[in-house]
Amino acid sequence: MTRSKSDRAAEEFKEAARRVFARQGYTATKITDITAEAGRATGGIYRYFDSKAAVLKALATDFLEARHDRVVHASGHDHLMETEQDVRDHVRAYWKSYQDYLAEMVAIYEAAASDPQFAEIQHQIRAKDLTIWRAHIKELRAHIGKPVTNAAALADMVVSLLESYCYTTLRLGKATRKNVDTLAGFVYGGITN
């Protein structure tokens, strides 16, 4: 599929914003930093985004789509969570998406501290994660013959653990494949015990 010149320009601004957010953080970034990084005139960005926040919102949307696509690719479109491998696939997809979109996730957390719009975006991301994990926990526990009464609490624990682990270890550059596998085993054990 061929992208238009306009689509390419918008993508260039988003990629520039990712680099600047990663380098100096969301709060310290100005529109002029993004346009300078993109090698374009400052006024050009306003054809596509009316603010720095609008750029970050577009990046957040990209993140959610990429994570969904990654899980679908690993597990299938109408996938179920019935095995330890299914849990591992979901944890790895979450971690890999977070790794690939670390600049956006850190920027969203940073923006959410002072901007109700981003606090809501962060809440929506988390709510979507909770809904997905709650449904999958019910599937897995039903599949192994365990009561399903605590799926909401388990989903909250799993999502909190994944958010915290990804945010902390990826920001510090300490996450390894082995650690992610250990995390996946821990999540599986927590859901099934």
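User: Which helices are included in what covers the buried residues of H8?
Analyst: This is a predicted model. The buried residues of H8 are Val180, Leu183, Ala184, Val187, Tyr188, Gly189, Ile191 and Thr192. Their cover includes helix H4 (84–100), helix H6 (116–143) and helix H7 (151–172).

User: How far apart are the end C-alpha atoms of helix H8, and what should its residues span?
Analyst: H8 covers residues 177–192, which is 16 residues. At 1.5 Å a residue, the expected span is 22 Å. The modelled ends agree with that, because the C-alpha atoms there are 23 Å apart.

User: How are H6 and H8 oriented where their axes cross?
Analyst: The two axes come within 10 Å and cross at roughly 65°. Angles of 65 to 115 degrees count as roughly perpendicular. The crossing of H6 and H8 is right-handed. By its angle, H6 is therefore placed relative to H8 as roughly perpendicular.

User: Which residues make the contact of H6 and H8, and how do they divide into nonpolar, polar and charged?
Analyst: H6 contributes Trp133, Ile137, Leu140 and Arg141. H8 contributes Val187, Tyr188, Ile191 and Thr192. By class, the contact of H6 with H8 holds 6 nonpolar, 1 polar and 1 charged.

User: Are H5 and H6 parallel or oblique to each other?
Analyst: Helix H5 spans residues 102–112. Its axis and that of H6 come within 7 Å and cross at roughly 130°. The crossing is left-handed. An angle over 145 would count as roughly antiparallel, and 65 to 115 as roughly perpendicular; H5 and H6 are therefore oblique.

User: How many residues of each class does the contact of H5 with H6 have?
Analyst: On the H5 side are Ile108, Tyr109, Ala111 and Ala112. They meet Phe118, Ala119, Gln122 and Ile125 in H6. The classes come to 7 nonpolar, 1 polar and no charged residues.

User: Is H4 largely enclosed or exposed?
Analyst: The buried residues in H4 include Asp86, Arg88, Asp89, His90 and Arg92. Also among them are Val91, Tyr94, Trp95 and Tyr98. In total 12 of the 17 residues are buried, so the rest of the structure leaves H4 largely enclosed.

User: What should the residues of H4 span, and how far apart are its end C-alpha atoms?
Analyst: H4 has 17 residues. At 1.5 Å a residue, they should span 24 Å. The end C-alpha atoms agree, with a separation of 24 Å.

User: Is tryptophan 95 buried or exposed?
Analyst: Tryptophan 95 is found in helix H4. Its relative accessible area is 10%. Buried means under 20%, so tryptophan 95 is buried.

User: Which residues is tryptophan 95 in contact with, leaving aside neighbours within four places in sequence?
Analyst: One of them, Val180, is also among the buried residues of H8. The full set is Tyr165, Cys166, Leu170, Ala175 and Val180.

User: What distance separates the C-alpha atoms of tryptophan 95 and threonine 42?
Analyst: Along the chain, tryptophan 95 and threonine 42 are 53 residues apart. In space, their C-alpha atoms are separated by 34 Å.

User: How many helices and strands does the chain have?
Analyst: Read along the sequence, the pattern is α-α-α-α-α-α-α-α. The C-alpha trace spans about 60 × 35 × 30 Å along its principal axes. The secondary structure comes to 8 helices and 0 strands.

User: What share of the contacts with a separation of 6 or more is between residues 24 or more positions apart?
Analyst: The chain has 193 residues, and 44% of them count as buried. Among contacts with a separation of 6 or more, residues 24 or more positions apart account for 67%.

How values were computed. Residues numbered from 1 in each chain as written. Predicted model: local features only at pLDDT ≥ 70, side-chain atom pairs only at ≥ 80, totals over all residues. Heavy atoms only, no water. Helix = DSSP H or I, 4+ residues; strand = E, 2+ residues; numbered from the N terminus. Expected span 1.5 Å × (residues − 1). Buried < 20%, exposed > 50% of the residue type's maximum accessible area, 1.4 Å probe, protein only. Contact = heavy atoms within 4.5 Å. Axes fitted to C-alpha atoms, helices over the stretch in contact; angles between N-to-C directions. Parallel < 35°, antiparallel > 145°, perpendicular 65-115°, else oblique. Left-handed = near helix turned anticlockwise from the far one by under 90°. Nonpolar A, V, L, I, M, F, W, Y, C, P; charged D, E, K, R; others polar.
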